[in-house]
Amino acid sequence: MRNPKDFFKPMAIGAPEPAREIPFRPSRMIHFFDPSNPKMAAKAPSIAAKCDVLLGNLEDAVQADNKIAAREGFIQIAKDNDFGDCQLWTRVNSLDSPWFLDDVTQIVEQVGDKVDVIMIPKVEGPWDIHFVDRLLAQLEARGGVKRPILVHAILETALGVANVEEIAGASPRMQGLSLGPADLAASRRMKTTRVGGGHPGYLVREDPNPDDADAPRATAQQDLWHYTIARMVDACVANGIFAYYGPFGDIRDTVACEDQFRNAFLLGCVGAWSLHPVQIDIAKKVFSPPVDEVLWAKRVIEEMGDGTGAVMIDGKMQDDATYKQCQVMVDLARKLAEKDADLRAAYQF
Ligand code: GLV
Ligand code: MG
């Protein structure tokens with residue numbers, strides 16, 4: 001086991017000191033774009049103006065023939081732009097692919113100071129993060145990068161889920177985890193053919209009517225991702241990092257997308273991926289706490305005073321634990337409102 005005192009020493013001579021905390025930055029939507037597509041690349045600045053995070057995707061969904069163009073396109077976009085409050089992330093190819101080494105080497109060497117977070121797909125255990133950690137330190141030292149590049153892992157294999165706590169705590173670089181439901185479904189041998197969301201076959205059914213065995217019985221579709229999201233959230237929060245729902249592939253089904261995002265929000269995620277501009281607005285709406293909840297939470301905090309004891313407000317019992325929940329809500333609202341005048345007005349800060 002590594003000496004805890006060494007955890008915050010750079011992994012290479014000359015690399016920046018590891019971060020002691022991952023500061024909260026709004027990341028309600030991680031918007032994916034393909035940097036090999038010149039039309040999408042041209043739109044990057046206008047999309048960034050509407051997003052918390054813009055991510056240049058080099059992995060799945062980019063054709064093998066376009067992998068190098070995507071990497072070069074991303075580097076060019078990073079060189080040419082300063083997206084201000086919008087963070088710039090990239091998803092590199094997987095650790096076993098023929099592109100990973102050049103993706104990371106060239107990006108850190110050429111635009112290491114411009115990239116906030118590198119997303120690593122198909123992470124299976126802490127050993128994957130340790131490898132990336134040391135490699136990044138070597139490249140940061142060689143390139144004179146001034147602040148540590150953070151790492152975000154996609155949880156998208158059965159082994160990765162089995163090791164989720166160790167992955168989340170594997171390095172001070174760990175910024176967060178995203179659920180990757182498409183690859184995870186394949187890895188787990190789930191019998192689905194979708195990118196996230198529910199499935200009509202995964203349901204519960206009410207008991208038969210004892211007086212009429214043939215009477216129709218109501219069913220309710222269940223959430224295929226509940227267990228994994230909940231586990232991921234616990235692993236993230238226990239390690240001081242952030243949890244995200246990943247992709248929702250049915251772009252036209254904005255209603256179900258919103259439901260999926262909201263389930264993740266309610267369970268503790270701070271954001272989700274957007275694969276199409278229509279999903280940017282959905283994520284923004286869902287991952288900004290609802291105005292009525294924020295106003296209610298402010299009222300509870302005010303009436304609870306120092307936060308101890310119990311009071312009744314509108315017939316509902318409040319105590320230390322509801323006070324803490326309200327603080328979570330107000331704290332998030334305040335951080336988002338710092339950069340958003342509309343939210344500031346709506347939340348009445
Ligand atoms: C995302 O990468 C997924 O596999 O769902
Ligand atoms: Mg995937």
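Does Gln348 count as buried, partly exposed or exposed, and at what relative accessibility? At 54% relative accessibility, Gln348 counts as exposed, where exposed means over 50% relative accessible area, buried means under 20%, and partly exposed lies in between, with a 1.4 Å probe and protein chains only. The structure is a predicted model, in which local features need pLDDT of at least 70 and side-chain atom pairs count only at pLDDT 80 or more, while totals for chains, interfaces and linings use all residues. Residues are numbered from 1 along each chain as its sequence is written, chains are lettered from A and ligands numbered from 1 in the order in which they are written, and side-chain values use heavy atoms, with hydrogens and water left out.

We begin with ligand 1. Its surroundings consist of Arg91, Glu156, Gly180, Pro181, Ala182, Asp183, Pro247 and Trp273, a residue being near a molecule if one of its heavy atoms lies within 4 Å of it. Sorted by class, this shell holds four nonpolar, one polar and three charged residues; here Ala, Val, Leu, Ile, Met, Phe, Trp, Tyr, Cys and Pro count as nonpolar, Asp, Glu, Lys and Arg as charged, and the others, Gly among them, as polar. Helix 7, residues 181-188, contributes the most to the shell, with three residues; helices (H or I, at least four residues) and strands (E, at least two) are DSSP runs, numbered from the N terminus.

Several polar contacts, that is, pairs of N or O atoms within 3.5 Å (within protein, one must be able to donate a hydrogen and the other to accept it, and residues adjacent in sequence count only if both atoms are side-chain atoms), can be followed here. A polar side-chain atom of Glu156 lies 2.9 Å from an oxygen atom of ligand 1, and polar backbone atoms also take part, with one of Ala182 lying 2.8 Å from a ligand oxygen and one of Asp183 lying 2.8 Å from a ligand oxygen. Taken alone, ligand 1 exposes 190 Å², of which the protein buries 93%, the areas coming from the Shrake-Rupley method with a 1.4 Å probe and, for residues, with only the protein chains shown counting as cover.

Glu156 and Asp183 appear again at the magnesium ion, ligand 2, where they are the protein donors through OE and OD respectively, at 2.1 to 2.2 Å; donors are N, O and S atoms within 2.8 Å of the metal (3.2 Å for Na, K and Ca), and water is not among the atoms, so sites may look incomplete. Because Glu156 lies in the loop between strand 5 (150-155) and helix 5 (158-162) and Asp183 in helix 7, the pair ties together parts that are 27 residues apart in sequence. Glu156 is buried, with a relative accessible area of 3%, whereas Asp183 is partly exposed at 24%.

Turning to the cysteines, the count comes to zero disulfides, a disulfide being a pair of cysteine sulfur atoms within 2.5 Å. For Cys51, the nearest cysteine sulfur, that of Cys86, is 5.5 Å away. Cys51 is buried at 7% relative accessible area.

Last come the backbone angles. Most residues other than glycine have a negative phi. Asp314, in the loop between strand 11 (311-313) and strand 12 (316-318), has a positive phi near 50° and counts as exposed at 52% relative accessibility. Gln348, in the segment after helix 13 (341-347), has a positive phi near 60°.
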